[in-house]
Amino acid sequence: MVVFDKQAPIYVQLADHYKGEIVASRLMAGDKLPSRRDIAKTFKINPNMVQRAFKSLEEEGIIVSEANVPSRVTENQMIIQQLKRDALEQAMAVFYDTTQVLNMDPHEIATYMTEYFQKRGEQDD
């Protein structure tokens, strides 16, 4: 469930929510989205905010909408992969800023990252 804050317009936060659902593979290429009316009811927001969010997603090519047909996630894998790269780049920017105070060599950080991913992979097995 999305908890809207006052930092950004609701429609932007809603669009970001759906981008996140796609990046996390909770929404897949070609999946149908709920109706604008249902989304407005679910999130208790004005249907115009949902319309604006969908318009933004349509303009970015992330969703496809046609008259009298439910909107759906694009099947264009290049767009979906770009969404994932964008999300990764945002996470990496935060990580980079955080590690700058450590004053460590980038290769040393990369070694720790490799070890971390290996440990996490073992834990997930």
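**Figure 1. Gln13 sits in helix α1, which covers residues 10-23.** Keep in mind that this is a predicted model. Is the Gln13 side chain buried or exposed? Gln13 counts as buried, because its relative accessibility is 12% and the cut-off for buried is under 20%. Now look at what the side chain reaches. The backbone oxygen of Asp5 is 2.9 Å from the side chain of Gln13. A polar atom of that Gln13 side chain also lies 2.6 Å from the backbone oxygen of Ala8. If you skip the neighbours within four places in sequence, the contacts of Gln13 are Val3, Phe4, Asp5 and Ala8.

**Figure 2. Leu33 is found in the loop between α1 and α2.** With a relative accessible area of 6%, Leu33 is buried. So who are its partners? Leaving out residues up to four places away in sequence, Leu33 touches Tyr18, Leu27, Phe54, Ile63, Pro70, Ser71, Arg72 and Val73. Take Tyr18 from that list: Leu33 and Tyr18 are 15 residues apart along the chain, and their C-alpha atoms are separated by 9.4 Å. Arg72 is on the list as well, and you'll meet Arg72 again in Figure 5, where its partner is Glu66.

**Figure 3. Arg36 and Glu58 form a salt bridge.** Side chains of opposite charge can pair when their charged atoms come close. Here the closest N and O atoms of Arg36 and Glu58 are 3.1 Å apart. The pair links distant parts of the chain, with Arg36 in helix α2 (residues 36-43) and Glu58 in helix α3 (residues 47-59), 22 residues apart. How exposed are the two ends? Arg36 counts as partly exposed, at 25% relative accessibility. Glu58 is partly exposed too, with a relative accessible area of 29%.

**Figure 4. Lys55 and Glu59 make a salt bridge within helix α3.** The N to O distance between these side chains is 3.1 Å. Lys55 and Glu59 are four residues apart, which is about one turn of the helix. Lys55 counts as partly exposed because its relative accessibility is 45%, while Glu59 counts as exposed, at 61%. The line for exposed is drawn at over 50%, so Glu59 passes it and Lys55 doesn't.

**Figure 5. Arg72 and Glu66 meet in another salt bridge.** This time the side chains come to 3.7 Å, N to O. Arg72 is partly exposed, with a relative accessible area of 25%. Glu66 is also partly exposed, at 45%. How many salt bridges are there in the count? The total comes to five, and the Arg72 and Glu66 pair is one of them.

**Figure 6. The largest pocket holds about 260 Å³ of space.** Rolling a probe the size of a water molecule over the atoms shows where empty space is left. Which elements give two or more residues to the lining of the largest pocket? They are α4 (77-100) and α5 (106-124), and α4 gives the most, with seven residues. To find the pocket yourself, look for its lining: Leu88, Ala91, Met92, Phe95, Tyr96, Thr99, Gln100, Met104, Pro106, Ile109, Met113 and Phe117. Sort these lining residues by type and you get ten nonpolar, two polar and no charged.

Technical notes. Residues are numbered from 1 along each chain as its sequence is written. This is a predicted model: local features need pLDDT of at least 70, side-chain atom pairs count only at pLDDT 80 or more; totals for chains, interfaces and linings use all residues. Side-chain values use heavy atoms; hydrogens and water are left out. On a 1 Å grid over the protein atoms alone, a cavity is a set of points where a 1.4 Å probe fits but cannot get out, and a pocket is an open set with protein on both sides within 12 Å along at least five of seven lines; lining residues have an atom within 4 Å of a point. Grid points are joined across faces, edges and corners, and a volume is the space filled by probe spheres set on the points. Ala, Val, Leu, Ile, Met, Phe, Trp, Tyr, Cys and Pro count as nonpolar, Asp, Glu, Lys and Arg as charged, and the others, Gly among them, as polar. A salt bridge is a side-chain nitrogen of Lys or Arg within 4 Å of a carboxyl oxygen of Asp or Glu. Buried means under 20% relative accessible area, exposed over 50%, partly exposed in between (1.4 Å probe, protein chains only). A polar contact is a pair of N or O atoms within 3.5 Å; within protein, one must be able to donate a hydrogen and the other to accept it, and residues adjacent in sequence count only if both atoms are side-chain atoms. Contact means heavy atoms within 4.5 Å.
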